[in-house]
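Me: I'd like to go through this model and ask how each label was earned. Can you set the values against the cut-offs for me?

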Amino acid sequence: MEKHRVRFEPVGIEIDVDEDQTILRAAAEQGVMLMHGCKEGQCAACKSFILDGDDVEHDRYSTFALPDYEKEEGFTLLCRAHAYEDLTIELLNYDEEMIQSGLPITDAVVEVVSNENVTHDLRHLVVRLVEPADLKFFPGQYLDFKIPGTDETRSFSMANTSARDGLLEFVVKIYPGGLFSEFLDSKVEAGDRLEVTGPFGVFTLRDAPGAEVVFVGGGAGMAPILALLRTMAERGIDRKAAFYYGARRRQDLCFEEELTALAGKLKNFRYIPALSESGDEDWDGETGFVTDVLKRAGHDLAGADAYVCGPPPMVEAALELLPSLGVADKRVFYDKFTTTGEE
């Protein structure tokens with residue numbers, strides 16, 4: 001398969017890309033960590049502009065992420081784009097701290113240690129690396145799981161900070177009838193082996209001593225945020241921090257004991273759960289959508305970093321709210337958990 005040279009501006013980095021690879025995947029394999037999210041053409045985190053060259057083909061993507069008129073103007077989604085000639089691409093969204101810190105993409109086999117419910121629709125999946133025995137990643141990144149018997153993969157964030165003892169933790173939302181969810185819910189048992197690839201993602205803790213940190217999460221967005229909080233505790237990072245976590249009912253809250261313990265270890269950390277459907281429950285905490293709770297708090301977040309992870313509607317609401325509270329656009333880091341409709 002023929003290779004082509006792709007240059008990224010304004011950073012001046014060049015990579016070689018096989019025609020059968022997406023530009024994003026080729027960059028990752030060469031240690032260049034470009035901004036991305038879903039890798040499925042749905043979230044637009046990797047949207048860029050083609051400055052020079054036009055022989056580019058795209059795998060299937062959502063026109064919500066790349067409308068036809070934008071594609072005609074020269075915009076592209078790097079996670080779906082294949083280069084058939086040399087290109088120069090302008091990165092519209094990049095992080096100078098991260099771009100050349102990429103870790104090698106690894107194919108691995110893992111063995112299931114446990115697969116337990118933490119709520120009625122969230123599963124705590126723990127696996128152990130078999131081959132290779134170690135995997136380097138940044139806390140907050142994710143792996144792709146191959147679904148046996150198919151060509152499909154699904155992406156899940158790790159909740160742990162490193163592969164200590166070869167173990168990896170995930171929090172997975174169960175979708176009724178979903179392709180991976182049904183497999184995880186009814187077929188995966190301790191001892192089973194699965195194939196994974198990674199790490200991917202740029203939802204990682206940036207070095208900003210003294211800057212306040214606000215975490216906003218919901219559902220399985222617990223996993224990468226828990227990873228970032230755990231790494232703060234392990235590294236003794238004592239920045240002022242708050243975690244706003246949204247759930248429907250009290251029974252939908254998870255990892256409460258650990259989060260309370262983290263609040264004890266991190267003296268400047270607060271955990272604020274919010275229930276949108278508290279009903280008649282014995283609940284004296286915050287109520288309403290988690291973004292409304294954050295807005296009501298009335299914080300001045302100028303100079304703060306914000307990390308947002310969870311269902312798309314929650315993420316969209318947070319991205320709209322945070323700048324009005326003073327968070328600079330470039331200091332909002334997010335993972336939008338898109339679905340394929342057959343999760």
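Me: Where is Arg239, and why is Arg239 called buried or exposed?

Reply: Arg239 is in the loop between helix H4 (222–235) and strand S15 (241–247); helices (H or I, at least four residues) and strands (E, at least two) are DSSP runs, numbered from the N terminus. Buried means under 20% relative accessible area, exposed over 50%, and partly exposed in between, with a 1.4 Å probe and protein chains only. Arg239 comes out at 9%, so Arg239 is buried. Keep in mind that this is a predicted model, where local features need pLDDT of at least 70 and side-chain atom pairs count only at pLDDT 80 or more, while totals for chains, interfaces and linings use all residues. Residues are numbered from 1 along each chain as its sequence is written, and side-chain values use heavy atoms, with hydrogens and water left out.

Me: What makes the side chain of Arg239 a partner of the backbone oxygen of Arg206?

Reply: A polar contact is a pair of N or O atoms within 3.5 Å; within protein, one must be able to donate a hydrogen and the other to accept it, and residues adjacent in sequence count only if both atoms are side-chain atoms. The side chain of Arg239 reaches that oxygen of Arg206 at 3.3 Å, and a polar atom of the same side chain lies 2.7 Å from the backbone oxygen of Ala211. Contact in general means heavy atoms within 4.5 Å; not counting residues up to four places away in sequence, Arg239 touches Leu205, Met232, Asn268 and Asp305, among others.

Me: How do you know that Cys46 is not bonded to Cys79?

Reply: A disulfide is a pair of cysteine sulfur atoms within 2.5 Å. The sulfur of Cys46 is 3.7 Å from that of Cys79, its closest, so the two are too far apart for a bond. Cys46 is also buried, because its relative accessibility is 6%. The structure holds 0 disulfides. Cys38 is in none either, with the sulfur of Cys43, the nearest, 3.7 Å away.

Me: What makes a set of residues a nonpolar core, and which residues have the most contacts inside the largest one?

Reply: A nonpolar core is a set of buried Ala, Val, Leu, Ile, Met, Phe, Trp, Tyr and Cys residues joined through side-chain atoms within 4.5 Å. The largest has 33 residues, and Phe215, Leu229, Phe243, Tyr245 and Leu259 have the most contacts inside it. H4 gives the largest share of this core, 7 residues. Apart from it lies another core, of 27 residues, Ile13 and Leu87 among them. Leaving aside neighbours within four places in sequence, Leu229 is in contact with residues including Phe215, Phe243 and Phe269.

Me: How do you know that the buried residues of H7 are on the same side?

Reply: In helix H7 (residues 312–321), the buried ones are Met314, Val315, Ala318 and Leu321. The arc is that of the directions from the helix axis to the C-beta atoms. Theirs is only 130°, so they are on the same side of H7. Pro313 and Glu320 are exposed on the other side.

Me: Why is Pro148 called partly exposed?

Reply: Pro148 has 45% relative accessibility, so Pro148 counts as partly exposed. Pro148 is in the loop between strand S10 (142–146) and strand S11 (153–157). Beyond its neighbours within four places in sequence, Pro148 is in contact with Phe183 and Leu194.
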